[in-house]
Amino acid sequence: MFALIACLALPTLTAYGEAEKVSDLSNEYLRLVAIHQSALSAEDMLAFQQALGTDILYGFDNANAAEFLDFAGKDGTFGNKNEQGGFYEKQGAQIAWGLDYAVQDDITLWPLKKGDHKRVDGIADLSAGTMSEESSGERAGEVISRARYDFQFGDGSVIGLAQVMRKEDTPYNRTIFIVMSETACTFVVGNATEGSEARFVDFDPGMSVANAKTLMEGAGYTIETHCKVENGKLTLN
């Protein structure tokens, strides 16, 4: 998932309003990650990848998949919210996508199973560089998974918050807050065991990583990693 990406292969979003589609935002996130990975030693790059994980990347999956419904990139509403592919709506810089679907098998939407219900609601304002999505999975009327992703892009930077919650034999909660530019990347990762009933932490794009760490701890999270990459040097706390 975090294979090294050639930095020049992806577009640079240097100011608000340059994104033309939602996938431009995920490409910019990957471009910035690649810049920092390429500056690290092989050992430090592996440690960086393991610390950041993949949860935050999943925040782009539903939007990128739904974008294919509008293959011509025109304004309009495409697809069907109650079908597996969901819907995608574009009105200029305003984008929405979503899903409200009864799962038909045990494989396609893993870890959900046949008969479970998946809901997705996402919006993006490309002119402002903002994107957010909330999703949930239900089984027999009980919420077994929830996730929320928030991003603010602009001027060659991104601030993001990913929150993933699952009700399992051992409940799973993971929250990641990241501040990343072309010159530095800092993020904090917190874990908890409340499961899908936990409250989402509020996203504030003006928040520092230190403040996010304090907010997570106040919400009952144990800090797993506090990471900084700058000038080709990795610092893990």
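Let's start with two phenylalanines: Phe151 is buried, and Phe153 is buried too. Before I go on, please keep in mind that this is a predicted model. So what do these two rings do with each other? Phe151 and Phe153 form an aromatic pair, with 6.1 Å from centre to centre and 35 degrees between the planes, and that makes a tilted arrangement.

They have company. Which residues share one aromatic cluster with them? The cluster consists of Tyr29, Phe60, Phe151 and Phe153. In total, the structure holds 5 aromatic pairs. Another tilted one is Tyr29 with Phe60: the ring centres are 5.6 Å apart and the planes stand at 45 degrees. I like this pair for where its members come from. Tyr29 belongs to helix H1, while Phe60 sits in the loop between H2 and helix H3, residues 61–67, so the pair ties together parts that are 31 residues apart in sequence. And how accessible are they? Tyr29 has a relative accessible area of 0%, so we call it buried. Phe60 comes out at 2%, and it counts as buried because the cut-off is under 20%.

Tyr29 also takes us to the helices. H1 covers residues 22–38 and H2 covers residues 42–52; their axes come within 10 Å and cross at roughly 145 degrees. On the H1 side, the contact is made by Tyr29, Val33 and Gln37, and H2 brings Met45, Phe48, Gln49 and Leu52. What is the character of that contact? It divides into 5 nonpolar residues and 2 polar ones, with no charged residue. So Tyr29 appears twice in this story, in the helix contact and in the aromatic cluster.

Now, the sheet. If you rotate the model, you can follow an open sheet of 11 strands, ordered from E1 straight through to E11, with antiparallel pairing. As a reminder, strands of a sheet pair through backbone hydrogen bonds, either parallel or antiparallel. Why are E1 and E11 the edges here? Each of them has a single partner strand, so one side of each is left without a neighbour in the sheet. From one strand to the next, the twist averages 10 degrees.

Let me walk in from the E1 end. E1, residues 76–79, runs antiparallel to E2, residues 87–91, and 4 bridges join them. One position to look at is Thr77, whose bridge partner in E2 is Glu89. E2 then pairs with E3, residues 94–102, over 5 bridges, again in the antiparallel sense. There, Lys90 has Ile95 of E3 as its bridge partner. The hairpin of E2 and E3 has 2 residues between the strands, and Gly92 takes a positive phi near 65 degrees.

Let's jump to the other end. E9, residues 184–192, and E10, residues 222–230, run antiparallel and are joined by 8 bridges. Val189 stands opposite Thr225 of E10, and Ala184 has Glu230 of E10 as its bridge partner. There is a helix here as well: H4, residues 209–218, packs on the sheet and touches E8 (172–181), E9 and E10, with its direction at about 0 degrees to that of E9. Next comes E11, residues 233–236, which pairs with E10 in the antiparallel sense over 4 bridges. In that pairing, Cys227 stands opposite Leu236 of E11. E10 and E11 make a hairpin with 2 residues between them, and Asn231 in the turn has a positive phi of about 55 degrees.

For a look inside the sheet, I picked Leu161, which is placed in strand E7, residues 157–166. Buried or exposed? Leu161 counts as buried, at 2% relative accessibility. Which residues does it touch, if we leave out those up to four places away in sequence? They are Arg148, Tyr149, Asp150, Thr175, Ile176, Phe177, Val201, Asp202 and Phe203. You can also check Ser132: it is 29 residues from Leu161 along the chain, and their C-alpha atoms are separated by 9.4 Å.

Last stop, two arginines with rings beneath them. Arg146 lies over the face of Phe200, at 4.1 Å from the ring centre. Arg166 lies over the face of Tyr172, and there the distance from the ring centre is 4.3 Å.

That's my tour, and I'm happy to go back to any part of it.

Conventions: Residues numbered from 1 in each chain as written. Predicted model: local features only at pLDDT ≥ 70, side-chain atom pairs only at ≥ 80, totals over all residues. Heavy atoms only, no water. Axes fitted to C-alpha atoms, helices over the stretch in contact; angles between N-to-C directions. Contact = heavy atoms within 4.5 Å. Nonpolar A, V, L, I, M, F, W, Y, C, P; charged D, E, K, R; others polar. Phe/Tyr/Trp six-rings, centres within 6.5 Å; stacked < 30°, edge-to-face > 60°. Buried < 20%, exposed > 50% of the residue type's maximum accessible area, 1.4 Å probe, protein only. Lys NZ or Arg CZ within 6 Å of the ring centre and 35° of its normal. Pairing = 2+ DSSP bridges.
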